[in-house]
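Reader: I am new to this structure and would like to go through it step by step. Could you show it to me before we begin?

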Protein chains: 2
Amino acid sequence: MQEKAFQDFYPDDFSHCYGCGRLNEHGLQIKSVWDGEESVAFFTPDNRYMAMPGFVYGGLIASLIDCHCTGTAAAVSYKKEGRPMDSEPPFRFVTASLKVDFLAPTPLGSLLEIRGRVIEIKGKKVVVEAKVLAGKTLCATGTVVAVLLPPTMMSK
Amino acid sequence: MQEKAFQDFYPDDFSHCYGCGRLNEHGLQIKSVWDGEESVAFFTPDNRYMAMPGFVYGGLIASLIDCHCTGTAAAVSYKKEGRPMDSEPPFRFVTASLKVDFLAPTPLGSLLEIRGRVIEIKGKKVVVEAKVLAGKTLCATGTVVAVLLPPTMMSK
């Protein structure tokens, strides 16, 4: 089954992000879906995103974690309200803080798996933990504190 | 005075990073220099690096902080040994952890100032704190724990 990704439900105005916007032709266009209680995205970094020959630069890992987790924050908010992601009003989150621990060099050209797990939902805040794996190697872990974008900013 | 940037001293093999490699034609090619006890870099993000219209996406901020701070870690290590950055052996750092707090939306198309301050040097570890400013607005703060790349990895 070809499941529609969280990011495919973002309104057009919120689909220009370099990390996750389906309308950003230069960007990463990551796609996140549910896999049971976890969210998952896959991404294969090309040579542009090098740190040094053979390895991915840290900023890409941070970007993948950031956008996957804000997407997960949006998706879990719809889930909590029991309504589909194309219903109104849209949930859109921004990042308040991002923490990444780099555990092993991340190979270029390999399929990376980014997994997210919601660990807290409180008011306008959603905290999501993430793992980045290359095969069975855990390359990085991260935590994102996402906050709901105020409706005033959304209408701009 | 046109001061040579930290990144301009990196050996060719370490100059392919998307964030700071002078040989990565697709990358950000940030340039960091000393400004007294602090390090500083300037960068003007173009529309590619959008989060939503008018604002920079978080992954770029994380990348700027990451590369500026690992560059600062290298530069301070030469300084501590009292030798120039083109002397042997080269110091090259990788990121063990990265933390970014996003304090205000970061405008696209404006000159950003990234400032670093070394707060700890201990063994192979250098901790650098960073600020990202757009004019007088403090948009983000960050902390990077950088660790010296083992000579075995450097010779690869």
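Reader: Among the contacts in chain A with a separation of 6 or more, what percentage comes from residues 24 or more positions apart?
Author: This is a predicted model, and the share is computed from its coordinates. Counting contacts in chain A between residues with a separation of 6 or more, the part that joins residues 24 or more positions apart is 63%.

Reader: In what order do the helices and strands of chain A follow one another along the sequence?
Author: Chain A holds two helices and eight strands, and the order can be written with β for a strand and α for a helix. Read along the sequence, the pattern of chain A is β-β-β-β-α-β-β-β-β-α.

Reader: Why can chain A be called as compact as a globular protein of its length?
Author: Along its principal axes, the C-alpha trace of chain A spans about 45 × 35 × 30 Å, and buried residues make up 46% of its 156 residues. For 156 residues the globule rule gives 15 Å, and chain A is as compact as a globular protein of that length because its radius of gyration is close to that value, at 15 Å.

Reader: Which strand supplies the largest share of the side of chain A that touches chain B?
Author: In the contact between the chains, 30 residues of chain A meet 30 residues of chain B. Strand S3 (50-52), helix H1 (58-81) and strand S5 (93-102) of chain A each supply at least two residues of that side of chain A. The largest share, eight residues, comes from S5(A).

Reader: Which residue in S5(B) stands opposite A:Ser97?
Author: S5(A) and strand S5 (residues 93-102) of chain B pair in the antiparallel sense, over five bridges. Within S5(B), the residue that stands opposite A:Ser97 is B:Asp101.

Reader: What kind of axis relates chain A to chain B?
Author: In general, two copies of a chain are related by a rotation about an axis and a shift along it. Here chain A can be laid on chain B with an RMSD of 0.0 Å by a turn of 180 degrees and a shift of 0.0 Å along the axis. That relation is the one given by a two-fold axis.

Reader: Which residue of chain A comes closest to the rotation axis?
Author: The same surface serves both copies, since 100% of the contact residues of chain A recur in chain B. Judged by its C-alpha, which lies at 2.2 Å, the residue of chain A that comes closest to the rotation axis is A:Lys99.

Note on methods. Residues are numbered from 1 along each chain as its sequence is written. Chains are lettered from A and ligands numbered from 1 in the order in which they are written. This is a predicted model: local features need pLDDT of at least 70, side-chain atom pairs count only at pLDDT 80 or more; totals for chains, interfaces and linings use all residues. Two residues are in contact if their C-beta atoms, placed from the backbone, lie within 7 Å. Helices (H or I, at least four residues) and strands (E, at least two) are DSSP runs, numbered from the N terminus. Two strands pair if DSSP finds at least two bridges between them. Copies are superposed by least squares on the C-alpha atoms of residues with pLDDT of at least 70 in both. The radius of gyration is taken over C-alpha atoms; the globule rule is 2.2 Å times the number of residues to the power 0.38. A residue is buried if 20 or more other C-beta atoms lie within 10 Å of its own, exposed if 12 or fewer, and partly exposed in between; C-beta atoms are placed from the backbone.
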